[in-house]
Amino acid sequence: MIRIIINNLIRFVVLVFIQVFLLKNIGYYNLATPFLYILFVLLLPFETPNILLFVLSFLLGLTIDTFYDTLGINAAATCVLAFVRIIFINLTVQRQGLETEPEPKLGIMGFRWFFFYTLILTLFHHLTLFLLETFTFSDIKYTLIRVVLSSIFTIVLVLLSEFIFFRKKER
Amino acid sequence: MRNLWLFLSKYNAFFFFIIFFSISIVLFVRNNSFQRASVLNSSNQIVGKAYETTNYLKSYLNLAVVNDSLAAENARLRGEMKSAFYSDSIVKREIVDTIQHQQYSYIVGEVVNNSIHHKDNTITINRGRKHGIKKGMGVISPTGVVGLVLNVSDNYSTVQSLLHSDTRISACIKENNAFGSLTWGEENYDPMVALLKDIPNHVKVTKGQHIITSGYSTRFPKGIAIGRVRRTGVKGGESFLNIEVQLSTDFSTLQYVYVVNNLLAAEQEQVEAIQPAK
């Protein structure tokens, strides 16, 4: 239990650090900007209570916002992310399996499940983020292109980092 | 009552979502209005310090480029010194100059945080209230205009860069003095290109002409470089030209900036605020 908490704490700090000092400076003009920090919410254990999940997501978004000078945007996007995560997991994961499979990781859940999990959650997160940032529907085509390209960028980074820390089933 | 409780706990995810999402939206909207919540942004002490530390390390990478631009500026300033001019008169006279008063003073600052990839880009510099910086002052670099001061804390301030969709800068064409306003971020997100608007159709604009600040606002002195005309043309039946400006400042390698302190700003604003008698 304590190991899980410490693990997630370290993950939080490291991801915020990478996002703010490294990925903030990377981007293909304004079209594709990666948001790797959502990996923290993706990898929270299955058994996390809903309230804790939302509080953590909100805090994460607020931390990123503070560094980006965009108060509220990332926090709103991570709230959507947490909500979609709850729905997605309810739909696809059986309740009985939860004790043996503590965390939604690539090595445990398999590539196909993890890929769709990342794809859907990232799309929702980026859609909220960019729509709130532009706050208008007039440039919708441009915004959608940004959403798609940024999502591809983020998904590639998420999958890469999962492959780097790949661990086979511990059973 | 018990049923209500059951209902709430069954769909708790949805209600948590509503609560937290509305908190974020409230924060976002309040932050967007004129009175910005200035606590949680990068002029904040902790965040500013963190950015300053990483920037201290990063600054070594750009040292050569910065040295070059500083040397170039030194050369330009040296050219403006009295000793650089040839004097025709044989007799030297001491003149106590009472006509010219100093109007602008400059505060040098180092960029500790910068962004160019967003829709609304801001820059953080390591000078603040202590050093005499106030909200709304203009910011320039050795190569041209940078932006306007947005928020000030004791030691840091954030600058609303030229690459921000709300920034409007009064600019004119050096060759014929036609003036308009410079904008960025409308269907154009290239960090090297801005748009000059409100220049009427009959003005002759050609590629390569210089764009400088007009000096009409109290923020910038007249004649600070902005860039050069890259492309010009009329957009679908409008009576104003749409001029693309190649910016002279490379925002991605910005390191040292000067904050413009207009000593006569208050006086000018005061006289302009007087309404004509009816």
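**Two chains, their interface and the enclosed spaces**

Between chain B and chain A of this predicted model, the count of salt bridges is 0. The contact nevertheless draws on 35 residues from chain B and 36 residues from chain A, and the area buried between the two chains comes to about 3,300 Å², with carbon and sulfur atoms giving 68% of that area. On the chain B side, B:Phe20, B:Phe28 and B:His117 lose the most area to chain A, and together they account for 21% of what that side buries. The size of an interface is often given as the accessible area lost when the parts come together.

Turning to chain A itself, the reader will find 7 helices and 0 strands, so that the elements, read from the N terminus on, run α-α-α-α-α-α-α. Of the 171 residues in this chain, 56% count as buried. Among the contacts of chain A with a separation of 6 or more, 73% are made by residues that stand 24 or more positions apart.

Two residues of chain A show the surroundings in detail. A:Leu42 belongs to helix H2, which covers residues 39-42 of chain A. Is A:Leu42 buried or exposed? Its relative accessible area is 0%, and A:Leu42 is therefore buried, since the limit for that class is under 20%. Leaving aside neighbours within four places in sequence, A:Leu42 is in contact with A:Arg85, A:Pro104, A:Tyr117, A:Thr118, A:Leu121 and A:Val158. For one of these partners, A:Thr118, the separation along the chain is 76 residues, whereas the C-alpha atoms of A:Leu42 and A:Thr118 are separated by 7.5 Å.

The other residue, A:Thr143, lies in helix H7, which spans residues 140-164 of chain A. With a relative accessible area of 1%, A:Thr143 is buried because that value is under 20%. When residues up to four places away in sequence are not counted, A:Thr143 touches A:Phe130, A:Leu131 and A:Thr134. Of these, A:Phe130 appears again in the lining of the largest cavity.

Rolling a probe the size of a water molecule over the atoms shows where empty space is left. How many cavities of 30 Å³ or more does a search of the whole structure find? The search finds 2, and the largest of them has a volume of about 110 Å³. Its lining consists of A:Thr33, A:Phe35, A:Tyr68, A:Thr70, A:Ile73, A:Asn74, A:Leu129, A:Phe130, A:Glu133, A:Arg146 and B:His118, and by class these residues divide into 5 nonpolar, 4 polar and 2 charged. Helix H4 (73-92) and helix H6 (111-134) of chain A each supply at least two residues of this lining, and H6(A) gives the most, with 3 residues.

The second largest cavity has a volume of about 30 Å³. Here the lining is made up of A:Leu23, A:Lys24, A:Ile26, A:Thr33, A:Pro34, A:Tyr68, B:His117 and B:His118, a set with 4 nonpolar, 3 polar and 1 charged residues. A:Thr33, A:Tyr68 and B:His118 line the largest cavity and also line the second largest cavity. B:His117, which is in the lining of the second largest cavity, is also one of the chain B residues that lose the most area to chain A.

How values were computed. Residues are numbered from 1 along each chain as its sequence is written. Chains are lettered from A and ligands numbered from 1 in the order in which they are written. This is a predicted model: local features need pLDDT of at least 70, side-chain atom pairs count only at pLDDT 80 or more; totals for chains, interfaces and linings use all residues. Side-chain values use heavy atoms; hydrogens and water are left out. Helices (H or I, at least four residues) and strands (E, at least two) are DSSP runs, numbered from the N terminus. Buried means under 20% relative accessible area, exposed over 50%, partly exposed in between (1.4 Å probe, protein chains only). Contact means heavy atoms within 4.5 Å. On a 1 Å grid over the protein atoms alone, a cavity is a set of points where a 1.4 Å probe fits but cannot get out, and a pocket is an open set with protein on both sides within 12 Å along at least five of seven lines; lining residues have an atom within 4 Å of a point. Grid points are joined across faces, edges and corners, and a volume is the space filled by probe spheres set on the points. Ala, Val, Leu, Ile, Met, Phe, Trp, Tyr, Cys and Pro count as nonpolar, Asp, Glu, Lys and Arg as charged, and the others, Gly among them, as polar. Buried area is the accessible area (1.4 Å probe) that two parts lose on being put together, summed over both. A salt bridge is a side-chain nitrogen of Lys or Arg within 4 Å of a carboxyl oxygen of Asp or Glu.
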